[in-house]
Amino acid sequence: MDSAVRFRNVCLRYGKVVALDGIDLEIGSGEFFGILGPSGSGKTSCLRLIAGFDRPSDGAIELHGRSAASVPPYDRDVNTVFQDYALFPHMTIEQNVGFGLMVKGVNRRERRTRVGEMLEMVRLEGLGERRPSQLSGGQRQRVALARALVNRPSVLLLDEPLGALDLKLRQQMQVELRSLQRTLGITFIFVTHDQGEALSMSDRLAVFNRGRVEQVGTPREIYEKPATRFSAEFVGDSNIVERLDAGLRSGERGVFSLRPEKVHLSTREPAAREHATSVAGEVADVQFHGASVRYVVDVPDGRSMTAVVGNLGSRAEQPAAEPGTRVWLNWSSDDLHRLRESESG
Ligand code: ADP
Ligand code: MG
């Protein structure tokens, strides 16, 4: 894998605040790489270092295999789409998109051609004369994208670019961004706090927590094999199984994650099976999600577990468990995944 961006033990401090605390990360050339984490976990700080707006307090950053230490932002082959788009309100869309080229001294004719190509690519042909205030949120988002891409960067940084859009538009833009990245073949580094978005869009992603990387992997690896309790709980829904460890092969102790869709719920006691565990409980809450139903079940020791059952309609019998119903939850020990404790606690 040719690396586009590499972090070697990078720390970033703002006075006493430690924004990044020893980041090691390698992002491949041409990857769609997600950075996922809660607010304040250091995602934007990471992008600022790549763009060169900030310098690491410790450690080193390489771009395409070369130290970035002495490369100023305008000489980095990197462009950013900011969270709030940061468009110039007094300029037309064409002027906004062409701004970077003008600063670089690209002549008017070439500018017109390249801006035209970009507007076509993000499907804004014919809107070049308008100003940002005359566009919808989704259209402004595309202008920001066109403005960053017109410079033909090899790395595009996107900081929560879809956060301001409503759900339908967001889903549509997710598909468009993915296909744009495939067409262009450049590296996209996409920051989000939305786990569904990170899983569905990324080739690989890093899970951030308090300025550290908890885990790096493909969406499937992170979902199926969360490394830490934080990953297990932040990415998707998870049962953390500590004491309900009957059914484990003897000697296996520790903390495990168990995804709710791997937990079967029945209103009758299941027959004992090898490597399977069952526990009785009482339904505390039933949440209808359309495509699935989520059951929260009180189990012994004052704990609760969740089971998610697909809404299979006429193809299967639904458990029909109301709150208060006695049910049995059972799962296979193959679906338990052992967790290590997060370093950041
Ligand atoms: P995220 O983008 O994941 O929400 P940030 O990278 O913006 O997180 O911030 C990481 C941490 O650094 C937070 O605790 C934030 O308050 C702090 N921080 C970010 N920028 C500054 C700054 N300019 N001055 C002081 N603290 C900052
Ligand atoms: Mg941020």
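The following exchange covers a predicted model, its bound ligand, its pockets and several of its residues.

In this predicted model, local features need pLDDT of at least 70 and side-chain atom pairs count only at pLDDT 80 or more, whereas totals for chains, interfaces and linings use all residues. Residues are numbered from 1 along each chain as its sequence is written, chains are lettered from A and ligands numbered from 1 in the order in which they are written, and side-chain values use heavy atoms, with hydrogens and water left out.

Visitor: How many helices and strands does the secondary structure of the chain come to?
Guide: Helices (H or I, at least four residues) and strands (E, at least two) are DSSP runs, numbered from the N terminus. The C-alpha atoms of the chain fill a box of roughly 75 × 45 × 35 Å along the principal axes. The secondary structure within the chain amounts to 8 helices and 18 strands.

Visitor: What percentage of the residues of the chain count as buried?
Guide: A residue is buried under 20% relative accessible area, exposed over 50% and partly exposed in between, with a 1.4 Å probe and protein chains only. The chain has 345 residues, and the share that counts as buried is 48%.

Visitor: Which element gives the most to the shell around ligand 1?
Guide: The residues around ligand 1, each with a heavy atom within 4 Å of it, are Tyr14, Val17, Ala19, Pro38, Ser39, Gly40, Ser41, Gly42, Lys43, Thr44 and Ser45. By class, they comprise 4 nonpolar, 6 polar and 1 charged; Ala, Val, Leu, Ile, Met, Phe, Trp, Tyr, Cys and Pro count as nonpolar, Asp, Glu, Lys and Arg as charged, and the others, Gly among them, as polar. The greatest contribution, 3 residues, is that of α1.

Visitor: How far from an oxygen atom of ligand 1 is an N or O atom in the side chain of Thr44?
Guide: A polar contact is a pair of N or O atoms within 3.5 Å; within protein, one must be able to donate a hydrogen and the other to accept it, and residues adjacent in sequence count only if both atoms are side-chain atoms. A polar backbone atom of Gly42 lies 3.0 Å from an oxygen atom of the ligand, and a polar side-chain atom of Lys43 is 2.8 Å from an oxygen atom of ligand 1. For the side chain of Thr44, the distance is 2.8 Å.

Visitor: How much of the accessible area of ligand 1 does the protein cover?
Guide: Accessible areas come from the Shrake-Rupley method with a 1.4 Å probe; for residues, only the protein chains shown count as cover. On its own, ligand 1 has 560 Å² of accessible area, and the part covered by the protein is 59%.

Visitor: Which element supplies the largest share of the lining of the largest pocket?
Guide: On a 1 Å grid over the protein atoms alone, a pocket is an open set of points with protein on both sides within 12 Å along at least five of seven lines, where lining residues have an atom within 4 Å of a point. The largest pocket holds about 580 Å³ of space, a volume being the space filled by probe spheres set on points joined across faces, edges and corners. Its 21 lining residues include Val78, Asn79, Thr80, Gly100 and Asn151, which lie nearest the centre, and they divide into 12 nonpolar, 5 polar and 4 charged. The largest share, 4 residues, belongs to α2.

Visitor: Which element supplies the largest share of the lining of the second largest pocket?
Guide: The second largest pocket has about 380 Å³ of space. Among its 17 lining residues, Glu94, Gln95, Arg111, Arg112 and Val115 lie nearest its centre. The lining divides into 5 nonpolar, 6 polar and 6 charged residues. Its largest share, 6 residues, comes from α3.

Visitor: Is Ser39 buried or exposed?
Guide: Ser39 is situated in the loop between β3 and α1. Because its relative accessibility is 75%, Ser39 counts as exposed.

Visitor: Is Phe33 buried or exposed?
Guide: Phe33 belongs to strand β3, residues 32-36. Its C-alpha atom is 8.8 Å from that of Ala198, 165 residues away in sequence. Since its relative accessible area is 0%, Phe33 is buried.

Visitor: With which side chain, besides that of Asp237, does the side chain of Arg294 make a polar contact?
Guide: Arg294 lies in strand β15, residues 292-299. Its side chain is joined to that of Asp237 by a polar contact of 2.8 Å. A polar contact of 2.8 Å also links the side chain of Arg294 to that of Gln287.

Conventions: On a 1 Å grid over the protein atoms alone, a cavity is a set of points where a 1.4 Å probe fits but cannot get out, and a pocket is an open set with protein on both sides within 12 Å along at least five of seven lines; lining residues have an atom within 4 Å of a point.
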